[in-house]
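Student: I should like to learn how sheets and pockets are read from a protein model. May we go through an example together?

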Amino acid sequence: MKIFRGYQHSQLAPACALTIGNFDGVHRGHQAMLALLKSEAQHLGIPSCAVTFEPHPRDYFAALARKPELAPARIATLRDKLSELDRCGIDQCVVLPFNASLASKSPDAFINEVLLGGLGARYVLVGDDFRFGARRTGDYAQLDVSGKRLGFEVARMNSYEVGNTRVSSSAVRAALAQGDMARAASLLGRPYSISGHVVHGRKLGRELGFRTLNLRFAHWKPAASGIFAVQVHGLASCPLAGVASLGVRPSIDPDDINGGRVLLETHCLDWPAGLGTEGAYGKIIRVDMLHKLHDELKYDGLDSLTTGIARDCDDARSFFASMHLETTRETTR
């Protein structure tokens, strides 16, 4: 998948079939829409294109109003969103920087300057609640009228449901906030995961006897937080069981090397001997969060923190043992 920042690039295809959205999480509703888009693009003989925004528009307006509480919790980093769009087989993705200029464009200006002048849209697929343009005044009806006048086709896709529940990013956020990882996986069509390069940290974990793999979560407000039983992909030929903490580490000095930023710290229950002590740094890994053990806790010292981590490791091992037992039962029925 080709990735472009902004819509004014000479390497963009001269024509495309596109859809527009934030695509936070790229859940099963998004996947259904992207599959339809890909099919229509193939019939027309033009590339499929996903148009998304960074930052999230609600992030922008929350910062403008100086009300951070209005910003939505973020399900996925931009890296993971782009990775999932690529997995869906989309040919190109255009990331529009959401700023004052874009926020102020009227619906007509957005259609003429972005969709037509910039992207060469010949087919536009949107959701049933799609709004666009300054103050969200544009809707499907206006887009459809403009398409008939300007020569591009417009289609609308109804909501996607799982178990009589509309699949949405809000529903995924709610499941993650409740720690219901099975529900989140059902809505996403896969386990909730975070990927990235392993970065250096304070190295406190190895001092306590629990070496960790550190991934930074770029957004300050993750949709999930707490302690999880996880599987780590990218370090060995098979996934590695582990326990992970996602959050701001309330027991650690906020002035440490990570500066109080959101961090995913993962301890593999069985460390691959071939990696050595430094072999994971710089590697790209994916951490699947399968089961939430508990919320973040603030410990009163390193001794109690060490005891807490050891208990979490035991609980994670119990979870994986029960998961293995359930899998064995299913395969022997």
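Tutor: The following exchange takes up the sheets, the helices packed on them, and the pockets of this predicted model.

Student: Which order do the strands of the parallel sheet follow?

Tutor: A sheet is read by the order in which its strands lie side by side, and by the sense of their pairing. Here six strands form an open sheet with parallel pairing, and their order is 1-4-3-2-5-8. Strand 1 (2-5) and strand 8 (153-157) are the edge strands, each pairing on one side only. From one strand to the next, the twist averages 25 degrees.

Student: How many bridges join strand 2 to strand 5?

Tutor: Strand 2 (residues 16-20) and strand 5 (residues 121-127) run parallel and are joined by four bridges. A single residue can also be followed across: leucine 18 has valine 124 in strand 5 as its bridge partner.

Student: What is the order of the strands in the antiparallel sheet?

Tutor: This open sheet also has six strands, in the order 11-16-13-14-15-12, and its pairing is antiparallel. Its edges are strand 11 and strand 12 (213-216), each of which pairs on one side only. The twist here averages 30 degrees from one strand to the next. Within the sheet, seven bridges pair strand 13 (residues 226-233) with strand 14 (residues 240-247) in the antiparallel sense. Phenylalanine 228, for instance, has alanine 244 in strand 14 as its bridge partner.

Student: Which strands of this sheet does helix 3 touch?

Tutor: For a helix on a sheet, one notes the strands touched and the angle between directions. Helix 3 packs on this sheet by touching strand 11 and strand 16, and its direction makes about 110 degrees with that of strand 11. Helix 8 (residues 181-188) packs on the sheet as well, touching strand 11, strand 13 and strand 16, at about 135 degrees to strand 16. In the parallel sheet, helix 3 (residues 78-87) lies across strand 1, strand 3 (48-54) and strand 4 (92-97), running at about 170 degrees to strand 3.

Student: Which residues lie nearest the centre of the largest pocket?

Tutor: A pocket is described by its space and its lining. The largest pocket holds about 1,200 Å³ of space. Its lining comprises 38 residues, and Gly21, Asn22, Asp129, Phe130 and Arg136 lie nearest the centre. By class, that lining has 16 nonpolar, 13 polar and nine charged residues.

Student: Which element gives the most to the lining of the second largest pocket?

Tutor: Helix 3 gives the most, with six residues. The second largest pocket has about 290 Å³ of space. Among the 17 residues lining that pocket, Asp80, Glu84, Arg190, Ser193 and Arg286 are the closest to its centre.

Technical notes: Residues numbered from 1 in each chain as written. Predicted model: local features only at pLDDT ≥ 70, side-chain atom pairs only at ≥ 80, totals over all residues. Heavy atoms only, no water. Pairing = 2+ DSSP bridges. Helix = DSSP H or I, 4+ residues; strand = E, 2+ residues; numbered from the N terminus. Axes fitted to C-alpha atoms, helices over the stretch in contact; angles between N-to-C directions. Contact = heavy atoms within 4.5 Å. 1 Å grid on protein atoms, 1.4 Å probe; cavity = no way out; pocket = protein on both sides within 12 Å on 5 of 7 lines; lining within 4 Å. Points joined across faces, edges and corners; volume = space filled by probe spheres on them. Nonpolar A, V, L, I, M, F, W, Y, C, P; charged D, E, K, R; others polar.
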